[in-house]
Amino acid sequence: MLHKPQESRAAMWSCGPLNSTGAEEPLCQDLHRGLWVLSLLSVVVGVPVGLGYNALLVLANLSSTRSMTMLDVYFVNMATAGLVLAMLAPAHLLGPSHSGWAPWSLSSEAQVTLLILFHVAALVTMYSTALLSLDYYIERAVPHSSVASVYNTRHVCGFVWGGALLTSFSSLLFYVCSYASSHAVECAEMQSTEAADAILVLIGYVVPSLAMLYALALISHVRKEDTPLDQDVGRLDPAVHRLLVATVCTQFGLWTPYYLSLLGHTVLVSRGRPTDGHYLGVLHVARDLSKFLAFSSSSVTPLLYRYMDKTFPAKLQRLTKKVHCGCQRCSSGAMEQA
């Protein structure tokens, strides 16, 4: 009698694929239907916004390379990752792995490819945010330092993409082997997506999160020591600080649920509970919701840049002038303004 209330609660919140009768629980159907509606709204509204604003951010800055700052380079890097996320969003949010109402099916090879591209974009986003925080601290602590220069930042961003690809390669082996035949000797001992998830949680979330928190603590310490003389020697504008803090909080908040869902799944498997419909079903719902939040970062970040960066409107005007010129040669005066 003591176990019946627990069993009823488990059945109520069980969101596994099927219950004992072969049908989903009503609450489960409502949760999946609600998540599918949110995903559809994200694809219809969020994807165009993400593609449009990220593209504008990249083009506006690349058309004004001489006026780009260290912060602009990192935001261009995050916008490029945001473009990748926005293009992947329909397949992930409306695909067969997310919803039972998927309008298409994907092969295992396509699913692995989409998953790896998603993780590469996620790594680039998180590490760009972390490095932006650290470089901002260097810029405040040592004004006009060559360490946080635009030239060095461009090379750092290139290494971030290369590092994300290399980091995803180890996860790729585990994911490929999890879909491969058990007869393959090389994959016989590597058929575990949990190992790949553990690697991604450690490298993709724990490390950059610690770096961001450390950088914010250093920045707050430097701001407390600012004097009126410090603000006259080329320190960064307070608006830049607000943009940095808003970006770090946004990325940290939107990506934390996804990595926590990966961690939760890994912990349950390590404790021998992967077949429990209650725990596994709740994790499926949590992962679907966390993916929705993660993909929304591709549209939120460029909006923050658009409304909090003072130089973006001027860059957008210069880009518009260059577009109006088209294939014809602009006058020398117009080109100088551009």
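I began with the pair K315 and D72, whose side chains form a salt bridge with 2.6 Å between N and O; I note at once that the model is a predicted one. K315 belongs to helix α9 and D72 to helix α3, so this pair ties together parts of the chain that lie 243 residues apart in sequence. I then looked up the burial of both partners, and found that K315 is buried and that D72 is buried as well.

How many salt bridges does the structure hold? I find two, and the other entry I looked up pairs D197 with R287, where the closest N and O atoms are 3.9 Å apart. That distance falls inside the cut-off, which is within 4 Å for a salt bridge. This pair also links distant parts of the chain, with D197 in helix α6 and R287 in helix α8, 90 residues apart. D197 counts as buried because its relative accessible area is 2%, whereas R287, at 24%, counts as partly exposed.

Next I turned to D309, which I located in the loop between α8 (277-308) and α9 (312-325). Which side chain of opposite charge is nearest to D309, and how far away is it? I find K315 at 5.1 Å, and I record that D309 is buried yet has no salt bridge. K315 is the residue that I had already noted in a salt bridge with D72. I also looked for polar partners of the D309 side chain, and noted a polar contact with the side chain of T311 at 2.5 Å. Setting aside residues up to four places away in sequence, I listed the contacts of D309 as L71, D72, L243 and L304, so that D72 appears here too.

I then checked L283, which sits in helix α8. Is L283 buried or exposed? Its relative accessibility is 15%, and it therefore counts as buried, the limit for that class being under 20%. Beyond its neighbours within four places in sequence, L283 is in contact with S261, G264, H265 and L268. I also looked up the C-alpha separation between L283 and L262, which is 8.7 Å for two residues that stand 21 apart along the chain.

For the nonpolar interior, I recorded that the largest nonpolar core has 55 residues, and that F75, F118, L132, W255 and Y259 have the most contacts inside it. The elements giving two or more residues to this core are α2 (26-62), α3 (70-93), α4 (108-141), α5 (150-179), α6 (193-224), α7 (238-270), α8 and α9. Of these, α3 gives the most, with 14 residues. I followed F118 further and found that, residues up to four places away in sequence not being counted, F118 touches L85, L88, H92, W255, Y258, A294 and F295.

Last, I noted the overall figures. The protein has ten helices and zero strands, and buried residues make up 40% of its 338 residues. Among contacts between residues at least 6 apart in sequence, 77% join residues at least 24 apart. The exposed area of the protein is about 17,700 Å², and carbon and sulfur atoms supply 66% of it.

Technical notes
Residues are numbered from 1 along each chain as its sequence is written. This is a predicted model: local features need pLDDT of at least 70, side-chain atom pairs count only at pLDDT 80 or more; totals for chains, interfaces and linings use all residues. Side-chain values use heavy atoms; hydrogens and water are left out. Helices (H or I, at least four residues) and strands (E, at least two) are DSSP runs, numbered from the N terminus. Buried means under 20% relative accessible area, exposed over 50%, partly exposed in between (1.4 Å probe, protein chains only). Lys and Arg count as positive and Asp and Glu as negative; His and the chain ends are not counted. A polar contact is a pair of N or O atoms within 3.5 Å; within protein, one must be able to donate a hydrogen and the other to accept it, and residues adjacent in sequence count only if both atoms are side-chain atoms. Contact means heavy atoms within 4.5 Å. Accessible areas come from the Shrake-Rupley method with a 1.4 Å probe; for residues, only the protein chains shown count as cover. A nonpolar core is a set of buried Ala, Val, Leu, Ile, Met, Phe, Trp, Tyr and Cys residues joined through side-chain atoms within 4.5 Å.
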